[in-house]
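Please open the structure in your viewer and keep the selection panel at hand. The tour below proceeds by selections, each followed by what is to be found there.

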Amino acid sequence: MDNVLLCMEEIEKSFPGVDALKKCRFELKAGEVHALVGENGAGKSTLMKIFAGIYLKDGGRILYKDEEVNIPNPHTAQKMGISMVHQELNLMPHLTAAQNIFIGREPFRGFKFILDENALNEKAQKIFDMMHLKLDPRAKVATLSVAKQQMVEIAKALSFDSDVLIFDEPSAALTDVEIAELFRIIRHLKKEGVGIIYITHRLEELKEISDRITVLRDGLYVDTVQTKKATIDQIIKMMVGRVIYESTPEIPKNPSQEVVLAVNNLTRGNELKNVSFKLMKGEILGFAGLVGAGRTEVARAIFGADPFNTGEIVVNGKKVNIKKPSDAVSHDIGYLSEDRKRYGLCLGLDVETNIVLAMIDKLTGFLGWVNTSKIRSIAKNIVDKLSIRTPSLNQKTKNLSGGNQQKLVVGKWLAKDTNILIFDEPTRGIDVGAKSEIYSLLNDLAKQGKSIVMISSELPEILRMSHRVVVMCEGRVTGELKNDQATQESIMRLATQRNGGNLANIKRNGETINGK
Amino acid sequence: MENKIINRQKETRADTLQRLMAFGALIIIFVGFSLASPYFFTFNNVVGILIATAVNGLLAVGVTFVIISGGIDLSVGTVMTLSAVMSGVFITIWNLPIPLGVLAGVLTGGMAGFVNGILISKFKLPPFIATLGMLNIARGLSLVISELHPIYFDIEKGFNNITMGSILGSIIPGFDIPNGVLIMFGSAIIAGLILSKMNLGRYCFAIGSNEEAARLSGVNIVFWKTAIYTIGGLFVGIAGVVMAARLNSAQPALGLGYELDAIAAAVIGGTSLSGGEGTMVGTIIGAFIISTLTNGLRIMSVPQEWQIVVTGIIIISAVYLDILRRGKQR
């Protein structure tokens with residue numbers, strides 16, 4: 001074989017309650033971009049974490065540079081020239097970008113204990129320059145946007161000068177511009193003979209960046225194909241083992257004119273500037289915009305998770321005073337956060353507790369007695385309805401795959417049954433199959449008369465799902481489009497309408513209803 | 001599908017094993033001391049161990065709520081003393097009926113817990129600091145209220161019977177288990193039910209596991225945290241009454257250091273100091289392990305100072321074993 005860098009064979013791994021990998025194989029050549037795809041829980045991340053020394057394999061062999069190797073920990077992996085950009089951010093928020101990149105490898109001024117901050121920052125700057133990234137190495141990571149943090153992670157992986165680079169869904173948090181930059185970097189590395197493993201859920205990226213594609217399903221190896229020779233449909237079929245109908249849902253023209261939620265002039269410092277919009281009964285209102293446009297901030301302010309300075313929230317015609325999330329819930333508003341691990345789930349607790357977390361009060365009788373059997377039946381119902389893959393209702397949430405965890409958070413608000421639902425990136429890090437399940441779920445909810453705000457960074461998703469689209473940029477609502485007016489181009493134009501943008505530009509046919 | 005079922009069995013087995021581990025350790029200690037000394041496994045000595053566990057067990061039950069919710073309560077020892085002193089004031093100085101005095105003691109604990117809870121949830125003080133402050137406040141107040149002197153209860157009034165009398169003994173002659181022990185077990189069962197069957201318990205785990213996720217699920221954090229510390233405080237108040245009845249006096253200088261034994265009991269019993277994990281059964285077993293060790297070592301004539309050293313070693317080993325067990329999940 002020509003310059004095969006890595007060959008994994010018969011890899012086995014199980015976790016309490018889950019067989020994550022069963023006889024999996026994977027091969028990587030030098031100078032190749034090899035994509036690894038599969039549904040959530042297919043074992044992609046697990047396989048790569050074994051290669052990066054984060055998990056220990058239960059069985060199988062790893063041949064690396066023609067030698068059988070053991071990779072007991074991430075440190076060994078790094079020394080062998082393997083680095084991984086993780087799906088979750090693993091940065092220390094109180095340290096600067098440069099300090100994060102070179103943690104454990106700091107340059108010294110002398111004596112091996114006086115740090116050389118200047119050299120550190122210079123080295124980091126060099127990597128940023130190579131990446132065409134405008135970022136101050138001295139900036140504290142906590143002050144950076146999620147996308148920038150992701151770029152810092154990538155810079156960290158690059159700083160090792162590795163022979164193999166693993167990207168675990170790097171594009172999930174990135175905007176299109178940054179993804180383009182990432183691809184440029186990847187092509188550059190490829191020319192230098194670096195082997196690149198690219199895990200992704202965005203299948204449209206495959207054609208653009210990968211040479212070969214390996215598909216996993218339920219912890220099993222399915223096939224490896226040349227990207228040139230495969231179609232996306234074939235890949236999807238291999239991933240799910242069934243055909244998925246990517247049909248466009250029929251969107252009713254006028255869901256209803258009954259306003260269930262009206263937000264007027266919501267303002268907070270520089271983050272939110274006079275945000276106004278209306279949500280109708282039975283409507284899915286898409287919120288589009290670039291990462292950092294202020295969409296999540298709007299959602300959190302409405303939900304009472306963060307305070308706001310001025311503005312008012314009107315629910316069902318009545319002005320409400322929401323100071324904390326429990327107020328919002330009592331006004332029938334539910335919020336599904338974009339970061340499920342940090343804000344959505346109690347990872348150490350079991351599936352059923354997480355499902356009923358928002359509604360325990362409803363299941364509580366005399367003196368706070370909880371109806372355990374009712375919890376079971378509700379949890380079971382949700383697990384079945386969303387086909388959450390878990391060995392039991394008492395499985396700890398941290399043992400579920402990302403997609404199933406996401407379904408769990410959705411399930412929590414389904415169980416709570418609030419009439420106004422704010423979904424913040426409901427399909428982030430979810431595979432095609434689970435995505436279409438969540439889409440049909442959202443459509444069902446809307447048909448039942450629930451009103452949904454759906455924040456999403458994926459334009460196809462926004463276009464496919466929304467009755468109307470609100471576009472934000474830099475904390476302002478820059479426009480509102482009806483379903484038939486919304487296109488990728490029209491949304492992007494509004495989303496990039498920086499300060500001083502002229503609202504008149506977007507008024508087409510006099511139909512745009514812009515909340516002032 | 002078959003695989004899944006097998007895995008589920010594997011998991012439940014691991015869970016049961018974990019629960020049995022502390023209990024197994026207790027049995028081993030018991031058998032070990034029984035073999036080493038003929039005086040250990042006698043009815044009187046076992047009753048001695050039980051009664052010695054009562055106070056620490058109650059404190060540990062109180063602090064377990066708090067630790068599972070991701071907090072810590074350093075004030076349980078001195079608040080217990082303050083509760084005892086308040087009972088003393090009600091019964092001895094103001095000559096009020098015993099039930100009122102008991103109620104006063106228990107509510108004093110609840111009040112202290114309530115204040116802790118408000119400071120932590122509403123005013124966002126770190127639990128360590130808030131309860132460290134409360135530790136000193138309660139300690140000082142005990143001395144102020146009692147004017148530095150122990151308060152002795154009248155023997156005739158029978159306050160002593162709350163802990164040292166034996167209802168069981170009057171039903172089954174010869175089986176003289178003191179009431180204090182029954183109070184501890186009863187409280188532990190109630191606490192266990194609160195933890196597993198009531199909303200407060202659920203929120204305890206949820207807040208300890210991921211406070212932000214719980215908040216964003218609409219859980220009223222300020223209210224529930226306050227409730228958690230208050231409930232913990234009530235059990236501390238019960239401990240105060242049991243303590244006072246056992247000594248038939250309220251000793252204002254006592255109490256310091258009890259909080260560490262209580263936390264140790266919870267931790268030995270499998271409660272995670274980072275929150276989100278723990279059981280009342282484990283905590284009670286932990287409390288028994290500590291008092292059994294102390295008792296056994298004393299019977300073996302090990303000097304008291306060495307008994308303390310051993311307790312330290314046990315705490316470290318218990319937590320290390322727990323880490324080893326978890327490590328296997330990697």
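**From a residue pair to the domains**

Begin by selecting A:Val314, which stands opposite A:Lys319 in strand S17 of chain A. Keep in mind throughout that the model on screen is predicted.

Next, extend the selection to strand S16 of chain A, residues 310-315, which pairs with S17 of chain A in the antiparallel sense over 3 bridges. Then bring in the rest of the sheet: it is an open sheet of 4 strands of chain A, in the order S14-S13-S16-S17, with antiparallel pairing. Its edges are strand S14 (272-280) and strand S17 (318-320) of chain A, each of which pairs on one side only. If you look along the sheet, the twist from one strand to the next averages 20°.

Now step back and colour chain A by its domain assignment, which gives domain 1 as 1-81 + 163-243, domain 2 as 91-161, domain 3 as 256-332 + 418-516 and domain 4 as 341-417.

Select domain 1 and domain 2 of chain A together; their centres, taken over C-alpha atoms, are separated by 26 Å. The contact between them takes 10 residues from domain 1 of chain A and 9 residues from domain 2 of chain A. On the domain 1 side of this contact, select helix H6 of chain A (residues 176-191), which supplies the largest share, 4 residues. Finally, colour that side of domain 1 of chain A, the one touching domain 2 of chain A, by residue class: its residues divide into 6 nonpolar, 2 polar and 2 charged.

Terms used. Residues numbered from 1 in each chain as written. Chains lettered and ligands numbered in written order. Predicted model: local features only at pLDDT ≥ 70, side-chain atom pairs only at ≥ 80, totals over all residues. Pairing = 2+ DSSP bridges. Helix = DSSP H or I, 4+ residues; strand = E, 2+ residues; numbered from the N terminus. Axes fitted to C-alpha atoms, helices over the stretch in contact; angles between N-to-C directions. Domains from an automatic or database assignment. Contact = placed C-beta atoms within 7 Å. Nonpolar A, V, L, I, M, F, W, Y, C, P; charged D, E, K, R; others polar.
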